[in-house]
Amino acid sequence: MISREKLMQLYAAMVKSRMIAERTAELARQGKLQHDWGDETGSEATLAGIAADLRLDDTVSAPGNRLLWSVIEGIPLERVFGPISAPLKGNLGSGPGQNGNLSAGKNGHSAHMPLTGALGIDLSAATQAAAAHKAANDGRIALVFIKDPSASDVPDKQLQFVSRRNLPMVLLCHFGSEERQRNFLSPRGRMNGAIEALAFGIARIAVDARDVLAVYRVASESISRARQRRGPTLIECIDHGLPAPAGTRVAERGPSSVVDPVRAMESYLGKKRLLTAALKQQIESQLRREIDAATAHLMN
């Protein structure tokens with residue numbers, strides 16, 4: 001049973017992600033932001049579900065995906081919207097459970113991987129961090145957002161290392177492209193060396209990327225397994241090309257009958273009598289104020 005508090009946290013994170021994507025698209029059109037984060041629109045359920053149980057002292061590797069950083073509890077939006085040339089790394093706070101972050105000066109990598117840099121997968125640093133977490137036996141994990149697991153540059157030997165050393169890692173793939181999804185699900189894609197490595201001793205779970213509750217349950221279990229040193233997990237979040245979940249109403253669908261994850265969650269919370277029009281407006285107003293404050297230096 002997911003608590004009311006967690007349900008509302010998931011919903012707020014989804015709305016936050018959608019509003020930030022819309023704001024960055026607006027800023028990009030005005031020439032005030034170099035990169036539009038809107039290509040992650042539609043991944044709200046994936047981002048909210050995977051981030052809900054992360055801790056600030058966990059290691060996160062998500063090159064180029066600032067929306068994921070924006071929904072991690074405890075990371076100020078001002079830091080996420082910082083200059084593109086200033087990576088978000090190092091200690092992120094001093095509250096409960098936030099001590100012990102790995103500093104770049106001590107062991108060559110930060111607790112949170114830089115947002116900038118190569119568009120590929122920074123598996124090397126995340127693997128090092130996971131090995132350090134395992135040695136420290138402190139419950140910390142490493143989360144790696146894999147953009148395209150069928151890419152030829154995915155280091156399969158490193159993934160085999162993750163499996164054989166039973167490192168506390170969660171690997172996340174979000175398929176937001178029908179072409180990438182078809183390539184991955186094809187026999188040729190399945191025969192890719194990196195895919196074989198992922199299958200080698202690493203638990204693999206596919207989940208509907210539009211269903212935040214499903215993503216959260218899978219992510220929560222996978223993160224818990226990693227914290228308990230029960231092995232790494234690959235989570236495959238797939239959205240485009242799938243039929244609408246059973247029972248989905250027309251009102252919850254977006255263009256071309258594709259389910260809008262935010263509207264679907266609003267419908268669910270409404271049925272549970274957890275979300276009213278007044279509360280929805282209150283959440284949106286609060287988030288808008290936060291986003292306004294974080295982007296004020298870009299709006300001027």
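**Nonpolar cores, the parallel sheet and the cysteines**

The largest nonpolar core of this predicted model comprises 59 residues, and those with the most contacts inside it are Y11, L68, I235 and M265. Helix α1, spanning residues 4-29, gives the most to this core, with 11 residues. For M265, when neighbours within four places in sequence are left aside, the contacts are L7, L10, Y11, M14, V212 and L213. A second core, separate from the one above, has 16 residues and includes A130, L167, L171 and I238. In soluble globular proteins, nonpolar side chains tend to be buried together.

The sheet is open and contains five strands in the order β1-β2-β3-β5-β4, with parallel pairing. Its edge strands are β1 (59-61) and β4, each of which pairs on one side only. On average, and with direction ignored, neighbouring strands are turned by 15 degrees against each other. Strands of a sheet pair through backbone hydrogen bonds, either parallel or antiparallel.

Within this order, strand β5 stands between β3 and β4. Strand β3 (residues 169-175) pairs with β5 in the parallel sense over six bridges, and L172 has I235 of β5 as its bridge partner. The pairing of strand β4 (residues 203-208) with β5 is likewise parallel and involves six bridges. Here I205 has I235 as its partner in β5, while V207 is bridged to C237. I235 is thus a bridge partner of L172 and of I205, and it is also among the residues with the most contacts inside the largest nonpolar core.

Strand β5 (residues 233-238) is largely enclosed by the rest of the structure, because six of its six residues are buried. Both faces of the strand are covered: T233, I235 and C237 are buried on one side, and L234, E236 and I238 are buried on the other. Of these residues, I235 belongs to the largest core, whereas I238 is included in the second one.

The connection between β4 and β5 involves helix α11 (residues 212-227), and the three elements make a right-handed β-α-β unit. Helix α11 lies across β3, β4 and β5 and runs at about 160 degrees to β4. Two residues at the start of this helix range, V212 and L213, are among the contacts of M265.

The number of disulfides in the model is zero. C173 is in no disulfide, and the nearest cysteine sulfur, that of C237, is 8.2 Å away. For C237, which is also in no disulfide, the nearest cysteine sulfur is that of C173, again at 8.2 Å. The cut-off for a disulfide is a pair of cysteine sulfur atoms within 2.5 Å, so the 8.2 Å between the sulfurs of C173 and C237 does not meet it. Both cysteines are buried: C173 has a relative accessible area of 1%, and C237 has a relative accessibility of 0%. C173 falls within the residue range of β3, and C237 is on one of the covered faces of β5.

A further position considered is A131, in helix α6 (residues 123-136). A131 is partly exposed, with a relative accessible area of 32%. Its C-alpha atom is separated by 7.7 Å from that of P168, a residue 37 positions apart from A131 along the chain.

Technical notes: Residues are numbered from 1 along each chain as its sequence is written. This is a predicted model: local features need pLDDT of at least 70, side-chain atom pairs count only at pLDDT 80 or more; totals for chains, interfaces and linings use all residues. Side-chain values use heavy atoms; hydrogens and water are left out. Buried means under 20% relative accessible area, exposed over 50%, partly exposed in between (1.4 Å probe, protein chains only). Helices (H or I, at least four residues) and strands (E, at least two) are DSSP runs, numbered from the N terminus. Two strands pair if DSSP finds at least two bridges between them. A crossover is right-handed if, with the strands pointing away from the viewer, the path from the first strand over the helix to the second runs clockwise. A nonpolar core is a set of buried Ala, Val, Leu, Ile, Met, Phe, Trp, Tyr and Cys residues joined through side-chain atoms within 4.5 Å. Contact means heavy atoms within 4.5 Å. Axes are lines fitted to C-alpha atoms, for helices over the stretch in contact, and angles run from 0 to 180 degrees between N-to-C directions.
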